[in-house]
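Work through the exercises below with the sequence and the structure side by side, and try each task before reading its solution.

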Amino acid sequence: MGKLDGKVAIVTGGSRGIGAASALALADEGADVAISYSSSAERAEAVVADLEAKGVRAAAFQADQADAAQAAGLIRRVAERFGKLDILVNNAAVGGGGLLGVEPADQAAIDRQLAVNYTSVVAAVQAAVPLLPDGGRIVSISSGVATRAGFQGMAYYTGTKAALEGFSRGAARDLAHRGITVNVVQPGFVDTEGNPADGPAASVFLPTAAMGRYGRPEEIAAGVVFLASPQASYVTGAVLRIDGGYAA
Ligand SMILES: NC(=O)c1ccc[n+]([C@@H]2O[C@H](COP(=O)([O-])OP(=O)(O)OC[C@H]3O[C@@H](n4cnc5c(N)ncnc54)[C@H](OP(=O)(O)O)[C@@H]3O)[C@@H](O)[C@H]2O)c1
């Protein structure tokens, strides 16, 4: 018996990294899991095969989260395919934007980042609310930089994650009467293709983490599963830091 037997979850950006680990961890607790991706179709199908090997239903959906209409449509497609939706995990995000005042701003990239990291999350939540049952779960992956910028070059990304967190607090208030919880996970530095532990940024990041190491995607996924579970029924509007002490 899993904590999430009979539940249906969607994890955006589930083709690799924290999203894939979260999808697999939700499936370990018995949930049927849909994942989305923008371009990594083969990677997404490999994750689906791994999910199905755990004995749950799974599917991958291409949906570019830079487009709010696609983000909302994804939610409806998942509910149609699986018959319902219980858990929304907003994970897909992009980084970048450059060093403010030093590097020329790429406004198109900054706008796209805001769309992927914030605007489309709002669209997905709006689409999910009428579909979620009372007691449904919304978990969004933010970043430790939303609270503590920590180092240079993160201003645009930090702004999107702070917006995500503000929206999540407001949504928690609005949806509490239905028992739908809305929470945020703040990862620190996690070894993924988006931020490899052997990449050039590691020497900047590592001194800021009390534990002096990168996290593993599975360490973030454990928090996602807790917040998605019935055991977290009195947790809403919260930020769960899983950051190796970055904020300590
Ligand atoms: N890794 C870290 O150190 C770290 C730290 C703090 C917070 N986070 C947060 O954790 C989450 C996951 O990060 P990660 O490091 O696992 O990322 P990642 O390795 O770069 O993977 C990103 C995932 O998002 C998908 N994605 C990207 N753009 C998309 C779009 N426009 N539409 C739909 N899907 C899209 C990617 O699929 P495609 O390949 O198909 O595009 C992929 O599945 C993000 O919210 C990130 O901000 C990460």
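The exercises that follow concern a predicted model, and they begin with the ligand before turning to single residues.

**Exercise 1. The shell around the ligand**

Task: Find which residues come nearest to the ligand, and describe the shell around the ligand by class and by the helices that supply it.

Solution: Start with the residues around the ligand, of which there are 33, and note that Ser15, Ser38, Ser40, Tyr157 and Thr192 come nearest. Next, sort the shell by class, which gives 13 nonpolar, 15 polar and five charged residues. Then turn to the helices: H1 (17–28), H4 (107–128) and H5 (155–175) each supply at least two residues of this shell. Finally, look at the space that the ligand takes, which is the largest pocket.

**Exercise 2. Polar atoms facing the ligand**

Task: Determine how far polar atoms of Ser38, Ala63 and Asn195 lie from atoms of the ligand, and then how much of the ligand's accessible area the protein covers.

Solution: Take Ser38 to begin with, where a polar atom of the side chain lies 2.5 Å from an oxygen atom of the ligand. For Asn195, an N or O atom of the side chain is 2.8 Å from an oxygen atom of the ligand. For Ala63 the partner is a polar backbone atom, which is 3.4 Å from a nitrogen atom of the ligand. As for cover, the ligand on its own has 900 Å² of accessible area, and the protein covers 92% of it.

**Exercise 3. Two residues in strands**

Task: Place Asp32 and Ser140 in their strands, decide whether each is buried or exposed, and identify a polar partner for each side chain.

Solution: Asp32 belongs to strand E2, which spans residues 32–37. Because its relative accessible area is 12%, and buried means under 20%, Asp32 is buried. A polar atom of the Asp32 side chain lies 2.8 Å from the backbone nitrogen of Arg57.

Ser140, in turn, is part of strand E5 (residues 137–141). Its relative accessibility is 1%, so Ser140 counts as buried. The polar contact here runs between two side chains, that of Ser140 and that of Asn90, at 3.1 Å.

**Exercise 4. Exposed or partly exposed?**

Task: Assign Gly101, Gly244 and Tyr118 to an exposure class, using the cut-offs of under 20% for buried and over 50% for exposed.

Solution: Gly101 is located in the loop between strand E4 (87–90) and H4. With a relative accessible area of 78%, Gly101 is exposed, because the cut-off for that class is over 50%. Gly244, which is found in the segment after strand E7 (239–242), has a relative accessibility of 23% and therefore counts as partly exposed. Tyr118 is found in helix H4, and since its relative accessible area is 24%, Tyr118 is partly exposed.

**Exercise 5. Sequence separation and distance in space**

Task: For Ser229 and Lys3, and then for Tyr118 and Ala25, set the separation along the sequence beside the C-alpha to C-alpha distance.

Solution: First locate Ser229, which is in the loop between helix H7 (217–228) and E7, and which is buried because its relative accessible area is 1%. Ser229 and Lys3 are 226 residues apart in sequence, while their C-alpha atoms are 6.3 Å apart in space. For Tyr118 and Ala25, the separation in sequence is 93 residues and the C-alpha to C-alpha distance is 24 Å. As a further pair, Gly101 and Gly153 are 52 residues apart along the chain, with 10.0 Å between their C-alpha atoms.

Conventions. Residues are numbered from 1 along each chain as its sequence is written. This is a predicted model: local features need pLDDT of at least 70, side-chain atom pairs count only at pLDDT 80 or more; totals for chains, interfaces and linings use all residues. Side-chain values use heavy atoms; hydrogens and water are left out. A residue is near a molecule or strand if one of its heavy atoms lies within 4 Å of it. A polar contact is a pair of N or O atoms within 3.5 Å; within protein, one must be able to donate a hydrogen and the other to accept it, and residues adjacent in sequence count only if both atoms are side-chain atoms. Accessible areas come from the Shrake-Rupley method with a 1.4 Å probe; for residues, only the protein chains shown count as cover. On a 1 Å grid over the protein atoms alone, a cavity is a set of points where a 1.4 Å probe fits but cannot get out, and a pocket is an open set with protein on both sides within 12 Å along at least five of seven lines; lining residues have an atom within 4 Å of a point. A molecule sits in a cavity or pocket if more than half of its atoms lie within 2 Å of its grid points. Helices (H or I, at least four residues) and strands (E, at least two) are DSSP runs, numbered from the N terminus. Ala, Val, Leu, Ile, Met, Phe, Trp, Tyr, Cys and Pro count as nonpolar, Asp, Glu, Lys and Arg as charged, and the others, Gly among them, as polar. Buried means under 20% relative accessible area, exposed over 50%, partly exposed in between (1.4 Å probe, protein chains only).
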